[in-house]
Amino acid sequence: MSSSSKDRYKIIGYGSLAAAGMSAMLIPGVREKVLPKTVRRKTEEKKHEVKEEIEQEKDELKDAAKDRIAYEVKKRVQNKMQSKVKEAAGKLEAAKEENAENVHSKAEEMRDKVQEALLNVRSKLKNFKEAGESFQEKIRPDDKGRLKSVRDLKGVNQLKSASQVKSAANMKKPSQIKSATDIKTISSISNS
């Protein structure tokens with residue numbers, strides 16, 4: 001055999017031994033016997049550190065994912081709300097324009113109706129005022145506008161006593177009471 005083949009077999013042999021040794025290390029019983037305690041402890045510490053780092057990374061990734069999801073949801077909600085607001089604003093603008101056209105025509109109609117009603121009220125008030133003035137002239141006493149003074153008020157000595165009050169004998173009988181035909185109405189007063 002040549003030296004290169006020997007070297008090759010040598011490498012293969014060492015590799016096989018290394019592979020066998022490594023596979024034996026996978027068996028827990030062999031691993032405990034072969035590895036010294038300090039190496040095992042360091043391995044356990046390193047394993048624990050790696051687990052802690054993985055947990056920290058996991059928590060950070062969860063927080064980052066939550067933040068990102070919350071941001072995306074917020075952004076989508078805002079976009080939907082903005083589109084709804086724009087749509088509502090468009091509808092409102094269309095309704096506003098339509099109502100503006102109707103309001104002007106209705107306002108003109110209402111103005112004319114109110115003006116007619118006010119003219120009617122004005123003429124009725126004028127007639128009422130004239131009738132009131134004529135009625136006041138007819139019922140006004142001759143002393144025209146004279147105010148009563150303290151002397152015109154009755155005193156205690158002018159009040160009726162119990163003997164002066166009418167009794168049942170002095171009261172009017174039904175035949176003496178005026179009927180509805182005897183009473184003058186406002187229209188009969190104004191005609192005379």
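This report describes a predicted model of a protein, moving from its overall build to its salt bridges and surface patches.

## Overall build and confidence

The protein holds four helices and zero strands, and, read from the N terminus on, its elements follow the order α-α-α-α. One of these elements, helix α3, covers residues 37–139, and several of the features described below belong to this helix. Between α3 and α4, the latter being residues 186–191, there is a loop.

As this is a predicted model, the confidence values deserve attention before the details. The average pLDDT of the protein is 77, and 65% of the residues reach a score of at least 70. Among the elements, α3 has the highest mean pLDDT, at 87, whereas α4 has the lowest, at 62. Where pLDDT is low, the predicted coordinates should not be read in detail.

## Burial and surface

Of the 192 residues that make up the protein, 1% count as buried. The accessible surface amounts to about 18,900 Å², and carbon and sulfur atoms account for 58% of that area.

## Salt bridges

The count of salt bridges in this model comes to three, and each of them can be described by its partners and by how far these partners are open to the surroundings. In one of them, the side chains of Arg-68 and Glu-72 meet with an N to O distance of 3.2 Å. These two residues stand four apart in helix α3, so about one helical turn separates Arg-68 from Glu-72. Arg-68 counts as exposed because its relative accessibility is 52%, and the cut-off for that class is over 50%; Glu-72, with a relative accessible area of 26%, is partly exposed.

Another salt bridge joins Glu-87 to Lys-91, with their closest N and O atoms 3.5 Å apart. Here too the partners are four residues apart in helix α3, and therefore Glu-87 and Lys-91 are separated by about one helical turn. Glu-87 is partly exposed at 48% relative accessibility, while Lys-91 is exposed at 55%. A further salt bridge brings together the side chains of Arg-111 and Asp-112, at 3.8 Å from N to O. Of this pair, Arg-111 is exposed, with a relative accessibility of 53%, and Asp-112 is partly exposed, with a value of 37%.

## A nonpolar patch

On the surface, Ile-69, Val-73, Val-77 and Met-81 form a nonpolar patch, and together these residues have about 380 Å² of accessible area. One of its members, Ile-69, lies in helix α3. With a relative accessible area of 55%, Ile-69 is exposed, and Ile-69 can take part in a patch because its value passes the cut-off of over 30% that patch residues must meet.

## Charged patches

Where on the protein is Glu-45 found? Glu-45 belongs to helix α3, and this residue is one of those that form a negative surface patch, together with Glu-49, Glu-52, Glu-53, Glu-55, Glu-57, Asp-59, Glu-60, Asp-63 and Asp-67. Glu-45 has a relative accessible area of 45%, so this residue is partly exposed, as its value falls between the 20% and 50% cut-offs.

A positive surface patch is made up of Lys-154, Lys-160, Lys-166, Lys-172 and Lys-178. Within this patch, Lys-160 is placed in the loop between α3 and α4. Lys-160 counts as exposed, its relative accessibility being 65%.

Technical notes: Residues are numbered from 1 along each chain as its sequence is written. This is a predicted model: local features need pLDDT of at least 70, side-chain atom pairs count only at pLDDT 80 or more; totals for chains, interfaces and linings use all residues. Side-chain values use heavy atoms; hydrogens and water are left out. Buried means under 20% relative accessible area, exposed over 50%, partly exposed in between (1.4 Å probe, protein chains only). Accessible areas come from the Shrake-Rupley method with a 1.4 Å probe; for residues, only the protein chains shown count as cover. Patches are made of residues with over 30% relative accessible area and no salt bridge: like charges are joined within 9 Å, nonpolar side chains (Val, Leu, Ile, Met, Phe, Trp, Tyr) within 5 Å. A salt bridge is a side-chain nitrogen of Lys or Arg within 4 Å of a carboxyl oxygen of Asp or Glu. Lys and Arg count as positive and Asp and Glu as negative; His and the chain ends are not counted. The place of a charge is taken as NZ of Lys, CZ of Arg, CG of Asp or CD of Glu. pLDDT is the predictor's confidence in each residue, from 0 to 100.
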